Amino acid sequence: MLLSEITDRPVMDTDTAQSIGQVDSLVVTPHPPHIAALRLKKTKGGGTLLTWQNVHAIGPDAIMARANARAGTTEDITEQAAACRNLPGRRVLSERGTEIGLLQDIDFDPESGQVLGLLTSSGTLPGQGLLGIGSYAVVVQGT
């Protein structure tokens with residue numbers, strides 16, 4: 001599944017069937033490369049980060065999350081969330097500093113949250129090659 005496929009998708013509370021918000025973006029951690037949280041927009045209080053552990057299912061029309069899913073967001077995720085703002089369009093650099101292209105999308109497993117690939121302007125890179133994400137660039141192994 002691609003980040004672009006779930007952007008703007010509504011997130012519903014499994015207990016109350018009420019809207020929690022809409023998906024704005026993903027919070028990705030590189031070690032191992034996986035989705036740590038969903039960043040939400042149009043929320044009704046309670047924060048804008050939904051940890052991956054609280055995502056119950058990703059359906060074609062909505063994402064289901066457990067009640068009180070936004071409670072307990074840790075400082076670590078908040079810091080990583082700041083680095084992951086506006087990922088599409090960010091520069092992709094090799095660990096040697098060579099510019100590879102621009103990040104266009106993120107392919108991930110909707111069951112496990114594992115990052116499967118990084119779609120860039122120069123092709124798809126394996127997700128396991130992700131080394132770091134900063135406000136300036138995404139850094140990957142080799143190439």
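This passage looks at one buried residue, the cavity it helps to line and the sheet around it. The model is predicted, with local features needing pLDDT of at least 70, side-chain atom pairs counting only at pLDDT 80 or more, and totals for chains, interfaces and linings using all residues. Residues are numbered from 1 along each chain as its sequence is written, and side-chain values use heavy atoms, without hydrogens or water.

Ile 133 belongs to strand E11, residues 130-133 (strands are DSSP runs of at least two residues, numbered from the N terminus). Its relative accessibility is 15%, so Ile 133 counts as buried (under 20% relative accessible area, 1.4 Å probe, protein chains only). Beyond its neighbours within four places in sequence, Ile 133 is in contact with residues including Val 28, Cys 84, Leu 87 and Val 138 (contact being heavy atoms within 4.5 Å).

Ile 133 also lines the largest cavity, as do Val 28, Leu 87 and Val 138, among others. A cavity here is a set of points, on a 1 Å grid over the protein atoms alone, where a 1.4 Å probe fits but cannot get out; lining residues have an atom within 4 Å of a point. Strands E8 (99-108) and E11 each supply at least two lining residues.

The open sheet has 6 strands in the order E10-E9-E8-E7-E12-E11, with mixed pairing (strands pair if DSSP finds at least two bridges between them). E10 (123-126) and E11 stand at the edges with a single partner strand each, so one side of each has no neighbour in the sheet. Further in, E8 pairs with E9 (residues 115-120) in the antiparallel sense over 5 bridges.

Notes. Helix = DSSP H or I, 4+ residues; strand = E, 2+ residues; numbered from the N terminus. Buried < 20%, exposed > 50% of the residue type's maximum accessible area, 1.4 Å probe, protein only. 1 Å grid on protein atoms, 1.4 Å probe; cavity = no way out; pocket = protein on both sides within 12 Å on 5 of 7 lines; lining within 4 Å.
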